[in-house]
Amino acid sequence: HQQAIGEAFVRSIDAFGRTAFRFNEAGVPILSGCLAVFECTQYACHDAGDHTIILGEVQTAHERPGDGLIFANGAFAKLPLSATAA
């Protein structure tokens with residue numbers, strides 16, 4: 001149900017203006033309705049060509065049941081989190 005949110009952030013960093021969110025205690029925006037939330041502090045940054053890889057140290061994590069959304073090979077797909085490992 002959050003594919004439209006993912007697509008909005010791909011198109012514009014201003015997607016927060018059209019997305020439900022709250023601020024955590026550190027003032028970081030947290031998207032509403034996510035299956036998993038990892039609240040991190042910045043640990044390190046590494047240059048990677050035209051990107052920067054930011055490593056975070058997890059301070060708080062929250063989760064709820066449901067099917068996850070992934071983006072791979074140019075498309076969104078559901079990732080069933082309830083499946084058991086073989």
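**Reading features in a predicted model**

Mentor: Let us begin with one residue, Pro-29, which is partly exposed at a relative accessible area of 31%; here buried means under 20% relative accessible area, exposed means over 50%, and partly exposed lies in between, with a 1.4 Å probe and protein chains only. Please keep in mind that this is a predicted model, in which local features need pLDDT of at least 70 and side-chain atom pairs count only at pLDDT 80 or more, whereas totals for chains, interfaces and linings use all residues. Residues are numbered from 1 along each chain as its sequence is written, and side-chain values use heavy atoms, with hydrogens and water left out.

Trainee: In which strand does Pro-29 lie, and with which residues is Pro-29 in contact, leaving aside its neighbours within four places in sequence?

Mentor: A contact means heavy atoms within 4.5 Å, and strands (E, at least two residues) and helices (H or I, at least four) are DSSP runs, numbered from the N terminus. Pro-29 belongs to strand β2, residues 29–31, and, once neighbours within four places are set aside, Pro-29 is in contact with Phe-16, Phe-21, Arg-22 and Phe-23. By comparison along the chain, Pro-29 and Cys-45 are 16 residues apart in sequence, and their C-alpha atoms are 20 Å apart in space.

Trainee: Ile-30 is also placed in strand β2; is Ile-30 buried or exposed?

Mentor: Ile-30 counts as buried, because its relative accessibility is 10%. Not counting residues up to four places away in sequence, Ile-30 touches Phe-21, Arg-22, Asn-24, Val-37 and Glu-39, while the C-alpha atoms of Ile-30 and Phe-16, 14 residues apart along the chain, are separated by 9.8 Å.

Trainee: Which residue forms a salt bridge with Arg-22, and how many salt bridges are counted?

Mentor: Side chains of opposite charge can pair when their charged atoms come close. The rule used here asks for a side-chain nitrogen of Lys or Arg within 4 Å of a carboxyl oxygen of Asp or Glu, and by this rule the count is one salt bridge. Arg-22 pairs with Glu-39, and their closest N and O atoms are 3.9 Å apart. This pair links distant parts of the chain, since Glu-39 is in strand β3 (residues 36–48) and Arg-22 is in strand β1 (residues 21–23), 17 residues apart. Glu-39 counts as buried at 14% relative accessibility, whereas Arg-22 is partly exposed at 42%.

Trainee: Strand β3 also holds His-46; what is His-46 in contact with, leaving aside its neighbours within four places in sequence?

Mentor: With those neighbours left aside, His-46 is in contact with His-51, Thr-52, Ile-53 and Leu-55, and His-46 counts as partly exposed at 42% relative accessibility. Of these partners, Leu-55 is found in strand β4, residues 51–63, and is partly exposed, with a relative accessible area of 37%.

Trainee: Which residues make the nonpolar surface patch?

Mentor: Patches are made of residues with over 30% relative accessible area and no salt bridge, like charges being joined within 9 Å and nonpolar side chains (Val, Leu, Ile, Met, Phe, Trp, Tyr) within 5 Å. Tyr-43, Ile-53 and Leu-55 make a nonpolar surface patch of about 320 Å², where accessible areas come from the Shrake-Rupley method with a 1.4 Å probe, and for residues only the protein chains shown count as cover.

Trainee: What is the phi of Asn-73, and in which loop is Asn-73 found?

Mentor: Most residues other than glycine have a negative phi. Asn-73, although not a glycine, has a positive phi of about 55°; Asn-73 sits in the loop between β5 (68–72) and β6 (75–79) and is exposed, with a relative accessible area of 84%.

Trainee: How many helices and strands does the protein have, and what percentage of its residues count as buried?

Mentor: There are one helix and six strands, running α-β-β-β-β-β-β from the N terminus on, and 13% of the 86 residues count as buried.
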